[in-house]
Protein chains: 2
Amino acid sequence: MPKAKTAPTLEDVAKLAGVSTATVSRCLNSPSLVVQATRDRVQSAVDALGYTPNFAARVMAARRSHTIGAIIPTMENAIFARGLQAFQEELRQHGYTLLVSSSAYQPEIEEEQIRNLVARGADGLLLIGHDRDSRIYDYLAKRRIPVLIAWSFQADAPVPSVGFDNRAAMAELANQVIKLGHRTLGMISGVSTGNDRARLRIEGVQEAMRRNNIPNDRLTIVETPYEIENGAEAFSRLMSRQDRPTAVLCGNDVLAIGASRRAKEMGLRVPQDVSVTGFDDIELAQITDPGLTTVHVPHREMGRRAALELVGLIEKPTESCNVQLRTNLVERQSLGRPG
Amino acid sequence: MPKAKTAPTLEDVAKLAGVSTATVSRCLNSPSLVVQATRDRVQSAVDALGYTPNFAARVMAARRSHTIGAIIPTMENAIFARGLQAFQEELRQHGYTLLVSSSAYQPEIEEEQIRNLVARGADGLLLIGHDRDSRIYDYLAKRRIPVLIAWSFQADAPVPSVGFDNRAAMAELANQVIKLGHRTLGMISGVSTGNDRARLRIEGVQEAMRRNNIPNDRLTIVETPYEIENGAEAFSRLMSRQDRPTAVLCGNDVLAIGASRRAKEMGLRVPQDVSVTGFDDIELAQITDPGLTTVHVPHREMGRRAALELVGLIEKPTESCNVQLRTNLVERQSLGRPG
């Protein structure tokens, strides 16, 4: 008995037109975004196969702009670049376009940009970290705009997140520093107000000290914005103290690069005279000399997963998600035993 | 005689409300972007002073979204990051918000993103480089969307630009390389198809050779996407040639970092055994060891000027602009005399 003829699918149209299913989806839902020649090719395939998209799905999709907004704290220093690139690539596979804004780490600019992206018709938003006024989440909930947090995982937070445990990741690194014999520590942190990643990384260092019975006053913390030059300045301040730290843990690789450079300028050898560690494992960490011991954050994987989850929140609003990713310690040359 | 009382200005409102003029402008033109508390404060000041915005200006402004779109080839490697950050900061001073897309150096993705930003109501667009299908410029002209090109200055191009002369900048660097005695050159270039910056930098090297009577066949060019790893691979290919170049000019700093790293891995000293140069002067150029001799591009100035000019094109469409910025050679340690 011959198999019953089934209705043509989106995949059939894509195959016949010689384009991706994402392109077919864009042609049907947001034709103005697609070049005329491609539109014609897809239309011919639709006509030839007699393809009829599922009606309910069509109505839902027609209300969408297929545009996702992401607001990152900064475009500089490539901290968010790799993750965002992967986020965009994965979104594209699903027929979505990405628009990015940068808030310069300022809550009032972030709020303005959230309102602007909603006004411009974004279907969903990606935000970095959990710390922000609850009024913003109310605003987005009222407008039914799905929002996903990245770069920070919190199982009990009111909004879903794809991220990692900043506290545990930093505690693991600090534990390794202490295991090598360091007892007087310095920390160059990002500004922790309104930045849960920075705050949790400080807590991670403190947790490791507690676990190893090192009194709290053996740690000196300097907070400064994430810029290479600020890392250098903060390092000078730490080194001018009577009880110089033998290891300086930095809130991210950018600050650590600044600290290492200043050490060199001061005639201090890393790690023989002072150890320096980073966080993130951006490309700089590998290129700088000595190579930076740091926490590897799976940026590409985080971006890709965030895209999948956010598309899920938009297209299947009843499902919820929370994805915790693992980080791992990368040991290069900048961390050694105290001299 | 007492001075005639003049009508209250935008500045007066800003002063009384204790906010910037940009914020007042946003409150009047795009109130949904402003937090309620600020809106209330501005409205009180407007009422107290009896401020009436110029009617014609109001009508024009009301049609605007106060959103600018920028499409850059990549968010990775921080090539465009610094310029874009300055672009955004200056736009904000004028009450505009920035949305950024990345095209992954693919013309069809760029076209899709242009259409999306227009569909989302962008008042104007910033694009990188001049090379693209004229159909796109027709599309934008028909919709009266002002467009400005950055990173590449061309006085005779159909659209205005804020940029620099990529050919002359690279010719100056190549001339310096030749002056030091190098006669067999290698070049690691970005992919030149659809990228006028890459193409013009190749032409710059060729021009310097011609000027110094060095035959064309003394230059070997490898084209590859702008990634550190690709720079390393291309360097290996150049070094495996019978007539090894004594100097390798790279299309940007990212490729040069890759080349330098591979030189180190091959046991070659830079610059004693082989010279390596970059282009852009991103932060990496200074941090890498040895420091990279490169062309300094005034990224912040370019971003700031681009914002001023694009706002001008939107608010005073009769005026046209073309801004050429100067680059300059930065001599660090990676370029020396042939060994």
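Select A:Phe80 to begin, and you will find a residue that is buried, with a relative accessible area of 3%, where buried means under 20% relative accessible area, exposed means over 50% and partly exposed lies in between, for a 1.4 Å probe and protein chains only. This is a predicted model, in which local features need pLDDT of at least 70, side-chain atom pairs count only at pLDDT 80 or more, and totals for chains, interfaces and linings use all residues. Residues are numbered from 1 along each chain as its sequence is written, chains are lettered from A and ligands numbered from 1 in the order in which they are written, and side-chain values use heavy atoms, with hydrogens and water left out.

Now add A:Trp151 to the selection, which also counts as buried, at 3% relative accessibility. The structure holds six aromatic pairs over all chains, where rings of Phe, Tyr and Trp (its six-membered ring) pair if their centres lie within 6.5 Å, and planes under 30 degrees apart count as stacked, over 60 as edge-to-face and the rest as tilted. The ring centres of A:Phe80 and A:Trp151 are 4.9 Å apart and their planes stand at 65 degrees, so this pair is edge-to-face. It links distant parts of the chain, 71 residues apart, with A:Phe80 in the loop between β1 (67-72) and α5 (81-93) of chain A and A:Trp151 in the loop between β4 (147-150) and β5 (161-163) of chain A; helices (H or I, at least four residues) and strands (E, at least two) are DSSP runs, numbered from the N terminus.

Next, select A:Ala45, which is found in helix α3 (residues 36-49) of chain A and is buried, with a relative accessible area of 3%. Leaving aside residues up to four places away in sequence, A:Ala45 touches A:Val13, A:Leu16 and A:Ala17, contact meaning heavy atoms within 4.5 Å. Although A:Ala45 and A:Val13 are 32 residues apart along the chain, their C-alpha atoms are separated by 5.6 Å.

Move to chain B and select residues 97-102, the strand β2, where six of its six residues are buried. In a regular strand the side chains alternate between the two faces of the sheet. Here B:Thr97, B:Leu99 and B:Ser101 on one side and B:Leu98, B:Val100 and B:Ser102 on the other are all buried, and both faces of β2(B) are covered. Strand β1 (residues 67-72) of chain B runs parallel to β2(B) and is joined to it by six bridges, two strands being paired if DSSP finds at least two bridges between them. To see one such partnership, select B:Gly69, whose bridge partner in β2(B) is B:Leu99.

Stay in chain B for B:Arg144, which is placed in the loop between α7 and β4 (147-150) and counts as exposed at 76% relative accessibility. Its phi is near 55 degrees, a positive value in a residue other than glycine.

Then select B:Asp289 and B:Pro290, which are joined by a cis peptide bond with omega about 0 degrees; B:Pro290 is found in the loop between α12 (283-287) and β10 (294-296) of chain B. In chain A, a cis peptide bond likewise joins A:Asp289 and A:Pro290.

Finally, show both chains together. Chain A can be laid on chain B with an RMSD of 0.0 Å by a turn of 180 degrees and a shift of 0.0 Å along the axis, superposed by least squares on the C-alpha atoms of residues with pLDDT of at least 70 in both. That is the relation of a two-fold axis.
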